[in-house]
Amino acid sequence: MTSEADQRLRELAVTTLQDNFQQTHTVPSRTLYPHQWSWDAGFIAVGLAHIAPERAWRDLRSLFEAQWEDGRVPHIAFDTDNNTREYFPGPRFWASDQVAGTPSRPTSGIVQPPIHAVAAWDVYQCVAEEPVARRTAVEELRWLYPRLVAQQRYLAKERDVAGGGLASLVHPWESGLDNSPAWDDALAAVPPDPDVEVRAHRRDLAVSVESHRPTDADYSRYIALARAYRAQEYLDKRLAERHSFLVECPAFNAIAGAAEHALAKIAEVVGADPTPHRVRAAEITRALIARLYDPATGMFHARDVRADRLTAKRCVNGLVPLILPDLPQEQVEGILAEAGSPRFGWPDQTGMPLPSYDRTASDTDPLRYWRGPVWININWLLWRGLRQHGHPERARSLRRSILDLVSRSGCFEYFHPDTGEGIGTAEFSWTAALVLDLLAHQEDA
Ligand code: 2M8
């Protein structure tokens, strides 16, 4: 039975998603992120499926209408009709209009984790029992399928820099875990941009608290990397020789693997062959274990491809491969043990969902973005992994801890891992959307 608190939470989540709707899609936040973001759109669609499936499809379409001809789905698709909705770096910086094979809507030139096939399959399943909605859903899947395949092909063909079967990221923003300690070592080798005085450009600081955001030193390298990639017209040829930041992220690649599993199911609905997706999914799982799993820590770690070294830092992206249905028992157990250690701590020990970084590390920071706070999207992925691998009790308590946290603090962007205080922007879309999905899973209550 739905409790009153859950009912109020649902209303808050619905209002948040309504308020962030922008003509054809949902923005992550009206103040801090007033455009369309790639992986946000996937998470948002999962939530919208429960209240307005047509909007879920519209959001996904809107994003994929901004896909590049080479298959990449840009990490931001910009809204240019209102210049009060500025963001740095914006459309003029990325200059996608100067590059061949790009859409008319201005975009960035980098990508984000490919969660969209998983999202599309979730939306389909949500409406599959209703004949009219199902017909629309099949049409939408037919439209999306070749585009999702092209997105995966781009990552597999153009981004496998090390040749080991995993996609390399050319920018911390591509991970979605922007200033995670996972990138510290690789980023230290990147010279900061000498020409751009980042402080003068940073719009984020006008609408959020400085100590909760990446530093100017981070931003200076973010801009240097984006400019270097832009100078090569965002081409991925010879990245190994000419790009100063190349990393393999366990979460990004696990999401790409989960996308292949979802594509196999979508292929069956749209009359395509699921086999290549199953083959590719198995390859990704194998490559993740071979390249990013450390038996000594029992978890996955990011690899700095240039130095050919795993980072020693224990970051939450190293637990995300739990979402892979074919992850072998050894790795599942490793992740469960790490998640249950004092470094992360299941909710029954801490009363909180898992933090983004090792609680016991000397450089953990409970306020600064992806360096310690709790994020709802990552915990939602872990909740799915727990259900998938037959841990219903753990899944139930993680679900409850997420709902209680957001009930108490609001639909914030991230949360203090000890006090639960909401941090970053309020009225954040993916928090609202994923809460709606968790609330819909009453069987887990
Ligand atoms: C954050 O990243 C953007 C850059 O992409 C930023 O800091 O300006 C990250 O949390 C990212 O994961 C997220 O997709 C984006 C929008 O919510 O914000």
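This is a chat about the ligand site, the cavities and some backbone details of a predicted model.

Biologist: What kind of model is this, and how are residues numbered?
Modeller: It's a predicted model, where local features need pLDDT of at least 70 and side-chain atom pairs count only at pLDDT 80 or more, while totals for chains, interfaces and linings use all residues. Residues are numbered from 1 along each chain as its sequence is written, and side-chain values use heavy atoms, with hydrogens and water left out.

Biologist: OK, which residues come nearest to the ligand?
Modeller: Asp40, Tyr87, Gly176, Asp178 and Tyr369, out of 17 residues around the ligand. A residue makes that list if one of its heavy atoms lies within 4 Å of the ligand.

Biologist: How does that shell divide by class?
Modeller: Eleven are nonpolar, three polar and three charged. Here Ala, Val, Leu, Ile, Met, Phe, Trp, Tyr, Cys and Pro count as nonpolar, Asp, Glu, Lys and Arg as charged, and the others, Gly among them, as polar.

Biologist: Which side chains have a polar atom 3.0 Å from a ligand oxygen?
Modeller: Trp37 has one at 3.0 Å from an oxygen atom of the ligand, and Trp39 has one at 3.0 Å too. For Tyr33 the distance is 3.5 Å. The cut-off for a polar contact is a pair of N or O atoms within 3.5 Å.

Biologist: And how much of the ligand does the protein cover?
Modeller: 100% of the 410 Å² of accessible area that the ligand has on its own. That area comes from the Shrake-Rupley method with a 1.4 Å probe.

Biologist: Where does the ligand sit, then?
Modeller: The space it takes is the largest cavity. A cavity is a set of points on a 1 Å grid over the protein atoms alone where a 1.4 Å probe fits but cannot get out, and lining residues have an atom within 4 Å of a point. To sit there, more than half of the ligand's atoms must lie within 2 Å of the grid points.

Biologist: How much space is in the largest cavity?
Modeller: About 200 Å³. Of the 19 residues lining it, Tyr33, Trp37, Gln112, Asp178 and Tyr369 are closest to the centre. Volume means the space filled by probe spheres set on the points, with grid points joined across faces, edges and corners.

Biologist: How many cavities are there?
Modeller: Four of 30 Å³ or more. The second largest cavity has a volume of about 70 Å³, and its lining includes Gln152, Glu260 and Arg280. Helix H6 (131-158), H13 and helix H14 (275-292) each supply at least two residues of that lining. Helices are DSSP runs of H or I with at least four residues, and strands are E runs of at least two, numbered from the N terminus.

Biologist: Switching to the backbone, where's the cis peptide bond?
Modeller: Between Phe88 and Pro89, with omega about -5°. Pro89 lies in the loop between strand S4 (76-77) and helix H4 (91-94).

Biologist: Which residue other than glycine has a positive phi?
Modeller: Gln23, with phi near 60°. Gln23 is in the loop between strand S1 (21-22) and strand S2 (25-26). Most residues other than glycine have a negative phi, and most peptide bonds are trans.

Notes:
A polar contact is a pair of N or O atoms within 3.5 Å; within protein, one must be able to donate a hydrogen and the other to accept it, and residues adjacent in sequence count only if both atoms are side-chain atoms. On a 1 Å grid over the protein atoms alone, a cavity is a set of points where a 1.4 Å probe fits but cannot get out, and a pocket is an open set with protein on both sides within 12 Å along at least five of seven lines; lining residues have an atom within 4 Å of a point.
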